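Me: I'd like to go through this one with you, starting with how the helices sit on the sheet and then moving to the charged pairs. Can you take it slowly?

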Amino acid sequence: MKKSGTAVWSGGLKEGKGSISTESGALDNVQYGFNTRFEQGPGSNPEELIGAAHAACFTMALSGQLGEAGMTAKRLMTTATVTLDKGDDGYAITEVHLNLVATIPGADQAAFEAAALRAKLGCPVSKLLNTHITLDARLEN
């Protein structure tokens, strides 16, 4: 299976503008630029998109891990916070933090935590990202 995304850019780094689209059409010419990445301008940026992709991947993987452990979630909500830092050799994504809030009737805390850890390690986006990935997983009643 192959999926694609497309970016188009015009102009220099700071004054230029770009747009991002996905093969599925979920994103269609969404604006991005220096101001959306390093300031608070309207539009998106690569780190936000990586965060959304990682959150989605992890949450789906967790659903599978929970099923294997005999649990079914009523609701799973994951936020992936991607950190972009500037170092001596330029910018780098240095960390991703996954924050999960789960509602799983009758769930065992230890089994839940083990499933979350397996999902964090096994999700394809986690495997792709060569960075420090942390996880907070909270089970609600």
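Reply: Before the packing, one term has to be fixed: contact here means heavy atoms within 4.5 Å. Please also keep in mind that this is a predicted model.

Me: Okay, which strands does α2 lie across, and at what angle to β4 does it run?
Reply: Helix α2 lies across β4, β5 and β6, and its direction runs at about 140° to that of β4.

Me: And which strands does helix α3 touch?
Reply: Helix α3, which covers residues 109-122, packs on the sheet and touches β5 and β6, with its direction making about 150° with that of β6.

Me: Back up to the sheet itself, what's the strand order?
Reply: The sheet is open and consists of three strands in the order β4-β5-β6, with mixed pairing. Its edge strands are β4 (75-87) and β6 (132-140), each of which pairs on one side only. From one strand to the next, the twist averages 15°.

Me: How many bridges join β4 to β5, and do they run parallel or antiparallel?
Reply: There are 13 bridges joining β4 to β5 (residues 90-103), and these two strands run antiparallel. As one example of the pairing, Arg 75 has Thr 103 in β5 as its bridge partner.

Me: Switching topic, how many salt bridges does a search of the whole structure find?
Reply: The search finds two. In one of them Glu 47 pairs with Arg 37, where the closest N and O atoms are 2.5 Å apart. Because Glu 47 belongs to helix α2 (residues 46-68) and Arg 37 to helix α1 (residues 34-38), this pair ties together parts that are ten residues apart in sequence.

Me: Is Glu 47 buried or exposed?
Reply: Glu 47 is buried, at a relative accessible area of 7%, whereas its partner Arg 37 is partly exposed, at 36%.

Me: What about the salt bridge of Glu 140, which residue is the partner?
Reply: Glu 140 meets Arg 138 through their side chains, at 3.3 Å from N to O. Glu 140 is partly exposed, with a relative accessible area of 32%, and Arg 138 is likewise partly exposed, with a value of 48%.

Me: Last thing, how many disulfides come out of the count?
Reply: The count comes to zero. As for individual cysteines, Cys 57 counts as buried at 14% relative accessibility, and Cys 123 is buried with a relative accessible area of 0%.

Notes
Residues numbered from 1 in each chain as written. Predicted model: local features only at pLDDT ≥ 70, side-chain atom pairs only at ≥ 80, totals over all residues. Heavy atoms only, no water. Salt bridge = Lys/Arg side-chain N within 4 Å of Asp/Glu carboxyl O. Helix = DSSP H or I, 4+ residues; strand = E, 2+ residues; numbered from the N terminus. Buried < 20%, exposed > 50% of the residue type's maximum accessible area, 1.4 Å probe, protein only. Pairing = 2+ DSSP bridges. Axes fitted to C-alpha atoms, helices over the stretch in contact; angles between N-to-C directions. Disulfide = S-S within 2.5 Å.
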